[in-house]
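Colleague: Please take a close look at the enclosed spaces in this model, and at one of them in particular, the runner-up in volume. Then set it against the rest of the chain.

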Amino acid sequence: MGADFERLHPMLQRRFGVSLAAGYACVGRGVMTRICRGPWWTVPFLHLGRIRNILAPFPGESVPFTVENHPYRDPFGRETVTFVRTFAYPDRARPGRFDATMIRGRDGRIVDYLGTHQHLAVDLHLAAEPDGSLHLTSDAQRFHAGPLSFRFPMLFSGRADLRESFDDDAGEYVIRLEVRNRLFGFLFGYEGRFRCEFPPAGDGPPAHVLPVQHERRE
């Protein structure tokens, strides 16, 4: 984010300052007041993503969740930060998970690998809003699996629009996400509140937040 980082609320600077040099992780716990999805025809795509922990296909209200950000160096020597969200649906035995790992690409782009196997590489744009909140938007996507590698057509995917802020009165982070397709409209979204702890990074992230495999291609 460059100089824009200094314009973020101090608590957002702390939350997104997770790095190897900083020496700490960030673990947030709170409640998603609302998780929602698009029309019925979006359900098969969301459930397909569920297989590899990409999005959470089930709607719900007052869903407890955690978000875990741990810094580490991946097998290719790149500094990486996990963004693993776990949704504990009260009426389901299996929690929902939305896994991502973020790196800074060779050309300075922020690249977010989605899912357990990092099959989707998504370019992200981060900006500080005038009120100190963070505005994140996604852009181009690339699919990598074995010998396959191609730019994923946005006609069959969605662009994320995320806003995160800090409520000084409540002492809570506030998050809101929407994923939309340019032709078909709203696909998935959530909004909620959470508090964070900042434990020492230690010797590395816990095994449950690491991807099954790492992808070299950006």
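Modeller: A cavity here is a set of grid points where a 1.4 Å probe fits but cannot get out. Its volume is the space filled by probe spheres set on those points. Keep in mind that this is a predicted model.

On that basis, the second largest cavity has a volume of about 40 Å³. Its lining can be listed in sequence order. Val84 comes at the start, followed by Asp99, Ala100 and Thr101. Gly115 and Thr116 follow. Val209, Leu210 and Pro211 complete the lining. By class, 5 of these residues are nonpolar, 3 are polar and 1 is charged. Asp99 is the charged one, since Asp counts as charged.

How many cavities does a search of the whole structure find at 30 Å³ or more? The search returns 2. The largest has a volume of about 50 Å³. Arg34 and Cys36 line it, along with Arg176, Leu177 and Glu178. Phe186, Gly189, Tyr190 and Glu191 do so too. Three strands give two or more residues each to this lining: E1 (26-37), E13 (172-181) and E14 (185-197). E14 supplies the largest share, with 4 residues. The class make-up is 4 nonpolar, 1 polar and 4 charged.

Now to the open spaces. A pocket, unlike a cavity, is an open set of points. The second largest pocket has a volume of about 510 Å³. Its lining numbers 18 residues. Phe16, Val18, Met102, Arg104 and Ile110 are the ones that lie nearest its centre. Strand E4 (79-82) and strand E7 (100-104) each give at least two residues to the lining. Of the lining residues, 10 are nonpolar, 5 are polar and 3 are charged.

Met102 deserves a stop of its own. Methionine 102 sits in strand E7. Is methionine 102 buried or exposed? Its relative accessible area is 15%, so it is buried. Setting aside residues within four places in sequence, methionine 102 contacts Glu79, Thr80, Val81 and Phe83. It also contacts Ile110, Val111, Asp112 and Leu124. Proline 71 is 31 residues away from methionine 102 in sequence, and 9.5 Å away in space from C-alpha to C-alpha.

Next, a charged residue further along. Glutamate 215 lies in the segment after E14. Its relative accessible area is 7%, so this residue counts as buried. With residues up to four places away left out, glutamate 215 touches Phe76, Arg78, Tyr113, Gln118 and His144.

One more buried site is alanine 145. It belongs to strand E10 (residues 134-145). Its relative accessibility is 19%. The cut-off for buried is under 20%, so alanine 145 counts as buried. Beyond its neighbours within four places, alanine 145 is in contact with His119 and Arg217. Alanine 25 lies 120 residues away along the chain, and the two C-alpha atoms are separated by 29 Å.

Two backbone points are worth checking on screen. Asparagine 53 is not a glycine, yet its phi is positive, near 60°. This residue lies in the loop between helix H2 (43-50) and strand E2 (60-69). At 12% relative accessibility, asparagine 53 is buried. Serine 62 also has a positive phi, about 55°, without being a glycine. Serine 62 is located in strand E2.

Last, the chain that holds these features. It has 2 helices and 14 strands. Its radius of gyration is 17 Å, close to the 17 Å that the globule rule gives for 218 residues, so the chain is as compact as a globular protein of that length. Along the principal axes, the C-alpha atoms fill a box of roughly 40 × 40 × 35 Å. Buried residues account for 52% of the 218. Take the contacts between residues at least 6 apart in sequence: 54% of them join residues at least 24 apart. The chain exposes about 10,900 Å², and carbon and sulfur atoms supply 57% of that area.

Notes. Residues are numbered from 1 along each chain as its sequence is written. This is a predicted model: local features need pLDDT of at least 70, side-chain atom pairs count only at pLDDT 80 or more; totals for chains, interfaces and linings use all residues. Side-chain values use heavy atoms; hydrogens and water are left out. On a 1 Å grid over the protein atoms alone, a cavity is a set of points where a 1.4 Å probe fits but cannot get out, and a pocket is an open set with protein on both sides within 12 Å along at least five of seven lines; lining residues have an atom within 4 Å of a point. Buried means under 20% relative accessible area, exposed over 50%, partly exposed in between (1.4 Å probe, protein chains only). Contact means heavy atoms within 4.5 Å. The radius of gyration is taken over C-alpha atoms; the globule rule is 2.2 Å times the number of residues to the power 0.38. Accessible areas come from the Shrake-Rupley method with a 1.4 Å probe; for residues, only the protein chains shown count as cover.
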